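Visitor: Please take a close look at how two helices pack against each other. Then add a word on the sheet.

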Amino acid sequence: MINYSVCLLQNQMKKDEAPKAYARAQVKEVMTFRQFVDHIAEHGGHKRGQVKGVLSDTCSCLVEELLEGKKVLLDELGDFWVSLSSVGAESCEKFTSKNITGVNIIFTPGVDFENLIGRAEFNLVASRVAQAATVKAEKMGSDTVDLAAAKNKGNTPSTDPSTDPSDPGTGTDPDNGGSSSGGESGSDDLGQ
């Protein structure tokens, strides 16, 4: 079951248009590497140490091969390769490797990740801002929550309760970082 909340986002390319409502996935639990290893071991009948070793070696070898300039095809998992970020130069002759500013990992999901929408179930939940405001109100013994104030406060990054790193229930922004379908994105979290 995928929990989601709804938020209003402004189209950054068409700022004169009214914001539109979009779904935002809400992470319900963070699974550690150890928990994921245990999960694989339970499902596959393998020893936990073997699974951990294979996964660790896979990561190390993947990095090694990507740094060799290879594209790595991992069947059902997907394909990995690199792209580069760089600062432009006045001409091809003036461009050097010093203009390269970053190495980015590109991942294309494999067949096991195709059509997840056909297998997913969705559950509407309150936004992280609303959840944090409710918890805060409960701790203070209040019977009411001012959602408008919480949502407006959430527009200021330094006081956004939805990304409070000290609150294990919220953590840093685990959802899509403000982007949405259709290439539209924004920072208007009014409905979040």
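Guide: Here is the helix pair, followed by the sheet. This is a predicted model: local features need pLDDT of at least 70, side-chain atom pairs count only at pLDDT 80 or more, and totals for chains, interfaces and linings use all residues. Residues are numbered from 1 along each chain as its sequence is written, and side-chain values use heavy atoms, leaving out hydrogens and water.

Two packed helices are described by the angle between their axes and the distance between the axes. Helix α1 covers residues 33-44 and helix α2 residues 48-67. Helices (H or I, at least four residues) and strands (E, at least two) are DSSP runs, numbered from the N terminus. The axes of α1 and α2 come within 9 Å and cross at roughly 120°. Axes are lines fitted to C-alpha atoms, for helices over the stretch in contact, and angles run from 0 to 180 degrees between N-to-C directions. That makes α1 oblique to α2. Angles under 35 degrees count as roughly parallel, over 145 as roughly antiparallel, 65 to 115 as roughly perpendicular and the rest as oblique.

Now the contact (heavy atoms within 4.5 Å). From α1 come F33, R34, F36, V37, D38, I40 and A41; they meet R48, V51, K52, L55 and S56 of α2.

Turn to the sheet. Three strands form an open sheet with mixed pairing, ordered β2-β1-β6. Two strands pair if DSSP finds at least two bridges between them. β2 (20-26) and β6 (122-124) are the edge strands, each pairing on one side only. β1 (residues 2-9) and β6 pair in the parallel sense over three bridges. There, I2 stands opposite F122 in β6.
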